[in-house]
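Please open the structure in your viewer and keep the selection panel handy. We will go from stop to stop, choosing what to select and looking at what is there.

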Protein chains: 2
Amino acid sequence: MANKEIPYKIYLTEDEMPKYWYNLRADMKNKPAPLLNPGTGKPMTAEELGAVFCEDLVKQELDNDTREYPVPREILDFYKMYRPSPLVRAYCLEKKLNTPAKIYYKFEGNNTSGSHKLNSAIAQAYYAKQQGLKGVTTETGAGQWGTALSMACAYFELDCKVYMVKVSYEQKPFRREVMRVYGADVTPSPSMTTQVGQKILREHPGTTGSLGCAISEAVETAVGTPGYRYVLGSVLNQVLLHQSVIGMEAKTAMDKYGIKPDVIIGCAGGGSNLGGLIAPFMGEKLRGEQDYEFIAVEPASCPSLTRGVFAYDFCDTGMVCPLAKMYTLGSDFIPAPNHAGGLRYHGMSPILSQLYDDGMMKAISVPQTRVFGAAETFARTEGILPAPESSHAICAAIDEAMKCKETGEEKTILFGLTGTGYFDLVAYQKYHDGQMDDYVPTDAELEQFRARLPKV
Amino acid sequence: MANKEIPYKIYLTEDEMPKYWYNLRADMKNKPAPLLNPGTGKPMTAEELGAVFCEDLVKQELDNDTREYPVPREILDFYKMYRPSPLVRAYCLEKKLNTPAKIYYKFEGNNTSGSHKLNSAIAQAYYAKQQGLKGVTTETGAGQWGTALSMACAYFELDCKVYMVKVSYEQKPFRREVMRVYGADVTPSPSMTTQVGQKILREHPGTTGSLGCAISEAVETAVGTPGYRYVLGSVLNQVLLHQSVIGMEAKTAMDKYGIKPDVIIGCAGGGSNLGGLIAPFMGEKLRGEQDYEFIAVEPASCPSLTRGVFAYDFCDTGMVCPLAKMYTLGSDFIPAPNHAGGLRYHGMSPILSQLYDDGMMKAISVPQTRVFGAAETFARTEGILPAPESSHAICAAIDEAMKCKETGEEKTILFGLTGTGYFDLVAYQKYHDGQMDDYVPTDAELEQFRARLPKV
């Protein structure tokens, strides 16, 4: 099939869509470290995790061995509503950059949640429904994950309680309204509805909230409400498992046309998109079948891989969650207020953290004004207004393509375009009005947070 | 090819994409009436129109005979960036409604302009570029057309001046910001930059503007600025020509699977989407080859087809444009302030007006709370938050499907889903908060506007 003319967009047929999720851990020699019970310091058991998470999802979370998980029929049907997502050849961007590189992107933004988050949301809602639960709780920052989960819960007729970081709740009323269309119950966090929320409000009156704090509230509510469990949109092993659908589709599409990427680039916040995109390619690398260069791109203002430490840390601010071994900046790290570009989580997926520590992938960080500059170039040439998160990957892909222009190399670049920026226009406005700076935390600042890491 | 299993989404390959636009007028026995010069009462000549519009577009506007217009290579390339759009089988909606009807929709919202408007914007920008122009002017209400034109102009590196209805400019800062990403110059209308704007502001201080008024300003600026022409996103024959790509793709996709629609439904404001969607099907009906039922759906608060008159009228409020023979409510008609659902133009495409007058299609009007109810049902089952405009068609399609449930008929319904509602969440919020009513103009009110129609 090689040497076929490559169309602008490659869509798989329904028959070609992946029928299983790929569990990258099965091919990792060094498995990600287990979650620890912060009280005992011992690995969390399935039973302990079952108080917080759905049963089937706990199995997936702990399973380092099963290589393939069949996608349940009901989830496949839902996937068919908005998938396969297109693999796009960025002909117009290549022309604009005048580069010999061949640029492809896997575009996950063409659904109402606006991002790849729906891939895992529908899976988690499905398993909650299977277990006979009444509802789920979660947190959301910018709102993509909350929207995705609201859509998934509406589909399976589950209740959905979302704790939305207060600053986003106030600045992004439209995201909130989309969740309302889907029947979700959205509470600004920190709130007085939980003990941890009350405590945080007492200690930091007037705080506008953080992702770590919203997680704590959502977990407390799930554990305290009969028939509820907590679900999370990133970081966890189960989420990366579901998100492997991104990479599996991308690889199938590339294989169909005989294309082999040299470099694979993804933005990295908690790691759900990057982990999903690279999964089958990384599998080949781990098995010694192929070689690829992987690049994680994070914001310079929240540099967990590039400037964090690989250590056990809390996943949340309230310290109600298990400890995860990951690259982290410290669970109370919050990026500077004028950080506009998403990807603001203090830690990183344990799977990706392990792979990075093992030297299987690179990581870079980029300042936000460069990210928005890349976003604008992309919007004008490829006709898609990208999410700030995705634009980190665009920025790195453009850099790679410009290197090829210098060297003359005809590299094939694949990057993940995780979503659209339709709800991020306040950030674009700041960029246009010159109100965006590139503040980067100092070593001394990072050291303060590091000093408070739990001793395990 | 019949009896194949129908996938959720049918995507044409690039090879299957239409290579020409279909000019419906070639098959109409009663041609749409010509545009008239308001000064002389005589048909506008190509020369007169050329002062306002690009040369090639004037040819297309006046050409009632050429059946097929090849799509220029550059436009085809741009189409490949965001087209083909999917033809979707609404399996989930059918299941929810428990109807024997088979529902399909042609989804035009998966591009950053958020609607089908880009199909004509890129064509008009192309011809402006070909003519060596410096830029174009236009008006925009809710902002879809302005965004689409900004994207098209950025692609061809043309200046783009947009007059945006003041109330939208203020209430939709994000639409404005998207246009800014694409480098457009956006002015709230009425403005002091034009004579007609100054006059309207003098006569109606504090007015929040209207589409008809913004058209007048854009035309005045185009005519008065060297190297500029005016472009329009709906109503005109040329626009329906470009939009035929919607129907051509839909028909090719349906033919491929041996599907014949019984009913074809589209929302109708100025008529660009409806005219494009029905074009090739209507062509078959006009040539006596097939029969279809066509339904135009308009808001009860702006009912140009169902309660207007078929007469010559101005296309704009300032009366600087030619007269068009169309179904109209009068050029100074503006829907009630709490009308949220788009489709607020006082007139209707002359082509569609003629077809409607000839009994070739039906028209209905629907109240806006029913429209938003349908929108929410659709969002929850099909996973796409629809534009209020598109939701008029959804509402009618659901009604048809429910009739089938009563009668047991297995009708095949096709409707146009013109766009997404990501920038319409203020309207959704009003609906949820019970702040939306179903005001409908009285006969006496409509009579007042009718009495001011020009005497031709």
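Here is a tour of the model, from the chain contact to the core, a helix, two buried residues and some salt bridges. Keep in mind that this is a predicted model.

**Stop 1: where the chains meet**

Select chain A and chain B together. Each side brings its share to the contact: 44 residues from chain B and 44 residues from chain A. The size of an interface is often given as the accessible area lost when the parts come together. Here chain B and chain A bury about 4,100 Å² between them, and 58% of that is on carbon and sulfur atoms. Now look for charged pairs across the boundary: there are 2 salt bridges between chain B and chain A. To see a salt bridge between chains, pick Asp433(A) and Arg180(B), whose side chains meet at 2.4 Å, N to O.

**Stop 2: the nonpolar core**

Next, color Trp21, Tyr79 and Met361 in both chains, and add Ile75(B). In the largest nonpolar core, of 186 residues, these are the members that touch the most others. Zoom in on Met361(A). Which residues is Met361(A) in contact with, leaving aside its neighbours within four places in sequence? They are Leu274(A), Ile278(A), Met282(A), Phe294(A), Ala296(A), Leu305(A), Leu352(A), Leu355(A) and Tyr356(A). Apart from the largest core lies another, of 30 residues, including Ile295(B), Cys404(B), Ile413(B) and Leu417(B).

**Stop 3: a kinked helix**

Select residues 237–256 of chain B, which form helix α11. From first C-alpha to last, its 20 residues reach 29 Å, close to the 28 Å expected. Look along α11(B) for a kink of about 30 degrees, centred on Gln243(B). Because 17 of the 20 residues of α11(B) are buried, the helix is largely enclosed by the rest of the structure. Just beyond, Gly258(B) follows α11(B) with a positive phi, near 65 degrees.

**Stop 4: two buried residues**

Pick Ser216(B) in helix α10 (residues 211–224) of chain B. Its relative accessible area is 0%, so Ser216(B) is buried. Beyond its sequence neighbours within four places, Ser216(B) is in contact with Val196(B) and with Asp316(B), Thr317(B), Gly318(B), Met319(B) and Val320(B).

Then move to Ala387(B), in the loop between α15 and α16 of chain B. Is Ala387(B) buried or exposed? Ala387(B) counts as buried, because its relative accessibility is 1%. With neighbours within four places left aside, its contacts are Gly419(B), Thr420(B), Gly421(B) and Asp424(B).

**Stop 5: salt bridges within a chain**

The whole structure has 58 salt bridges over all chains. Start with Arg83(A) and Glu249(A), whose side chains meet at 2.9 Å, N to O, in a salt bridge. This pair links distant parts of the chain, 166 residues apart: Arg83(A) is in the loop between α3 and β4, and Glu249(A) is in helix α11 of chain A. Both Arg83(A) and Glu249(A) are buried.

For a pair within a helix, select Arg380(B) and Glu376(B), a salt bridge with its closest N and O atoms 3.8 Å apart. Both lie in helix α15 of chain B, 4 residues apart, about one turn of the helix. Arg380(B) is partly exposed, at 33% relative accessible area, whereas Glu376(B), at 16%, counts as buried.

Finish in chain A by selecting Asp27(A), Arg67(A), Arg287(A) and Glu289(A), which are linked in a network of salt bridges.

Key. Residues are numbered from 1 along each chain as its sequence is written. Chains are lettered from A and ligands numbered from 1 in the order in which they are written. This is a predicted model: local features need pLDDT of at least 70, side-chain atom pairs count only at pLDDT 80 or more; totals for chains, interfaces and linings use all residues. Side-chain values use heavy atoms; hydrogens and water are left out. A nonpolar core is a set of buried Ala, Val, Leu, Ile, Met, Phe, Trp, Tyr and Cys residues joined through side-chain atoms within 4.5 Å. Buried means under 20% relative accessible area, exposed over 50%, partly exposed in between (1.4 Å probe, protein chains only). Contact means heavy atoms within 4.5 Å. Helices (H or I, at least four residues) and strands (E, at least two) are DSSP runs, numbered from the N terminus. The expected span of a helix is 1.5 Å times one less than its number of residues. The bend at a residue is the angle between axes fitted to the seven residues ending there and the seven starting there. Buried area is the accessible area (1.4 Å probe) that two parts lose on being put together, summed over both. A salt bridge is a side-chain nitrogen of Lys or Arg within 4 Å of a carboxyl oxygen of Asp or Glu.
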